[in-house]
2 protein chains.
Amino acid sequence: MIIAVDAMGGDYGPLEAVPGAVEALRRCSARIALVGDEAVIAKELSSLGIGADLGQRISVVHASESITMDEDPLTAVRHKRDSSIVVGARLVREGRAAALVSAGSTGALVAAGPLVVGRIPGIARPALATPVPTLKRPCLFLDVGANPECKPEHLLQFAALGSAYAAALFGIQRPSVGLLSNGTEPSKGTAVHRQAFELLSKSGLDFVGNIEARTIQSGDVDVIVSDGFTGNVALKLMEGLGQAVFQMIRQEVERNFRAKMGALLLKPALKSVKARMDYSEYGGAPLLGLAGLVVKAHGSSSRKAFASAIAVTARLVEAGVVQSMKRAAAQFRAENAGGGETGGS
Amino acid sequence: MIIAVDAMGGDYGPLEAVPGAVEALRRCSARIALVGDEAVIAKELSSLGIGADLGQRISVVHASESITMDEDPLTAVRHKRDSSIVVGARLVREGRAAALVSAGSTGALVAAGPLVVGRIPGIARPALATPVPTLKRPCLFLDVGANPECKPEHLLQFAALGSAYAAALFGIQRPSVGLLSNGTEPSKGTAVHRQAFELLSKSGLDFVGNIEARTIQSGDVDVIVSDGFTGNVALKLMEGLGQAVFQMIRQEVERNFRAKMGALLLKPALKSVKARMDYSEYGGAPLLGLAGLVVKAHGSSSRKAFASAIAVTARLVEAGVVQSMKRAAAQFRAENAGGGETGGS
């Protein structure tokens, strides 16, 4: 199995992506194709001084361009045919790589997915999914940013994809699915949410109804479906608020000696809570609904985060997660025939 | 100054609302009119055994009905003319009370506000606003639930109202205003957000651009404007996630003795962080854009939360917050003539 890694993406580019990929070689048995500027990657690799055993599991695929964060994603993907994201996506389409991991522009990945890799039949829009920590087991949250504006049938498709993916990722038989809304009653939300509620109720999925944001962390539901705007806001809020709480604790601790002593003793426990809330431990966010596996790693990914994302991706390839989503989509399509847009381009 | 308090609203009804009102009498100089079932309120009051000094500052206004959480809000407000929310709102409209505080159905308050109290000219939709804790001073966040679906001009009006209210509440000259979106670039968000960005840029308010949810807690902006769906999800997520972090800390602490000792020493610091994140300390959420002051207290308000909400409301009445919003709306209307819907019913 070969995993393509976009060496140019993320806030630190090859500086973190390349050592992250090398670290991943130690964590899983996959081979890695680093995609990007050959000269830069070679320099990074040689500075790491890796042995022949790891060295023969890593290769470089040259890409002369890269897509920056401030470019219009769709235009960039269409015109920069030799960018690391497009080249990496092409490797997946051609079956030369089992998956692509990139910390580059989310917009460019979301555009390159359908355009280059292609969609699963019946899926109109791929969705970004990420596991979020809860008090129980993690729950899969989607869409966290691919589709700011959604139709009810998109939310239904996200639910079907999320359910199949969560089954593979968490090893659960029939994951429960909730719809993120501003109240538990079916009458809550926008018109889109109310119609999605209806479609989900009739879908055959284990739909438990609307979920209020205050209960996400309770971990009572396996999959939470959201439009990409609200999902993105919620994900970033979790990130920011988690950090803010620990910063507030630090502020309070600095005010008195007794608390300082306490913090010292409590440090391992606090660290472990922080780790539980740390997304880099959970791998990246796959773009569900594509005919191949494309995983978005956090833009500020460290080498550790890259290594996690690659190792988790390898596990997902082994579990045949794309195949099971294809099966689920086909079955879902048969059961819900006529139940909405089928996504023909 | 008389403040009307809905004695029947909230998860605990008169059991918390009545002692909360009595506690508020000790915290501010306002008089209080308890609105609700006379017999039940009288029983609660007598069980509290308050002295004549406080007793003469509290009165009861009978309301034979109350609106439950599962009723359709608009229908309930239209038909239950003698419900505690409608009677309380009528006291405000008739100038017999300076404000109404209620922990009852948000939907019913949002419906009763425009219908019974009336709107400020030029404001199409009232918005629920609440201060949220940050690492610096609190920031005003609106709309947190009154309008799940918004037009761009509604978001513009929320910004104008929020700016005037934050100026009065926090005592700042020209509050900075941000728009909650899924990225900082003007191209981010839904079509509604992109149009609102444009209107805000031309508005004359101190608009700083789009705000990502991960920076809300940094406290760099005074007012954050959102549609009511996303705002409600974000507010409830803050509530749930804050609690989840402390519960995770507790789980970790219970696992080992050293951490237990640390937690003991750190307890006052953790308690103080919890208090900073506790919404009940920040009073209720006013419905901005009405011709009078209507404040929504949290549904699960304890007596302490009621007392806070009433005391903060008294301070807002003294600060003439409704008058300054009326002035701001008039000025804003003159400056932005033709810049959108004016809200004529």
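Let's start in the middle of this predicted model, with its largest nonpolar core. That core holds 116 residues, and the members that touch the most others are A:Leu266 and B:Leu266. Look at A:Leu266 and you will see chain B around it: setting aside residues up to four places away in sequence, A:Leu266 touches B:Val253, B:Ala259, B:Gly262, B:Ala263, B:Leu266 and B:Leu270. There is also a second, separate core, made of 63 residues, and A:Val22, A:Leu25, A:Leu161 and A:Phe306 are among them. In soluble globular proteins, nonpolar side chains tend to be buried together.

Stay with the contacts to chain B for a moment and turn to A:Gly262. This glycine sits in helix α10 of chain A, which covers residues 257-277. Is A:Gly262 buried or exposed? Its relative accessibility is 0%, so A:Gly262 counts as buried. Apart from residues up to four places away in sequence, A:Gly262 touches B:Gly262, B:Leu265 and B:Leu266. B:Gly262 and B:Leu266 are also on the list of residues touched by A:Leu266.

Now step back and take in chain A as a whole. Its secondary structure comprises twelve helices and eleven strands. The radius of gyration of chain A is 21 Å, close to the 20 Å that the globule rule gives for 345 residues, so chain A is as compact as a globular protein of that length. Along the principal axes, the C-alpha atoms of chain A fill a box of roughly 60 × 60 × 35 Å. Of the 345 residues in chain A, 60% count as buried. If you consider contacts in chain A with a separation of 6 or more, 76% of them are between residues 24 or more positions apart.

What does chain A expose? Its exposed area is about 13,500 Å², and carbon and sulfur atoms supply 51% of that area. As for charge, chain A carries 37 positive and 32 negative side chains, and the centres of the two sets lie 4 Å apart.

Next, follow the backbone to a detail that is easy to miss. Most residues other than glycine have a negative phi, and most peptide bonds are trans. Against that background, the peptide bond from A:Leu142 to A:Asp143 is cis, with omega near 0°. A:Asp143 belongs to the loop between β6 (139-142) and α7 (152-170) of chain A. Chain B has a cis peptide bond between B:Leu142 and B:Asp143, where omega is about 0°. B:Asp143 lies in the loop between β6 (139-142) and α7 (152-170) of chain B.

Two further loop residues in chain A are worth a visit. One is A:Leu205, found in the loop between α8 and β8 (206-212). How is a loop residue such as A:Leu205 classed, buried or exposed? With a relative accessible area of 17%, A:Leu205 is buried, since the cut-off for buried is under 20%. Leaving out its neighbours within four places in sequence, A:Leu205 is in contact with A:Ala159, A:Ala160, A:Ser163, A:Arg174, A:Leu200 and A:Phe332. For a sense of distance, the C-alpha atoms of A:Leu205 and A:Leu45 are separated by 47 Å, with their positions 160 residues apart along the chain.

The other is A:Glu185, in the loop between β7 (176-181) and α8 (191-201) of chain A. A:Glu185 has a relative accessible area of 34% and is therefore partly exposed. From A:Glu185 to A:Val223 is 18 Å in space, C-alpha to C-alpha, and 38 residues in sequence.

Notes: Residues numbered from 1 in each chain as written. Chains lettered and ligands numbered in written order. Predicted model: local features only at pLDDT ≥ 70, side-chain atom pairs only at ≥ 80, totals over all residues. Heavy atoms only, no water. Core = buried A, V, L, I, M, F, W, Y, C linked by side-chain atoms within 4.5 Å. Buried < 20%, exposed > 50% of the residue type's maximum accessible area, 1.4 Å probe, protein only. Contact = heavy atoms within 4.5 Å. Helix = DSSP H or I, 4+ residues; strand = E, 2+ residues; numbered from the N terminus. Rg over C-alpha atoms; globule rule 2.2 N^0.38 Å. Areas by Shrake-Rupley, 256 points an atom, 1.4 Å probe, with all protein chains shown as cover. Lys, Arg positive; Asp, Glu negative; His and termini not counted. Charge placed at Lys NZ, Arg CZ, Asp CG, Glu CD.
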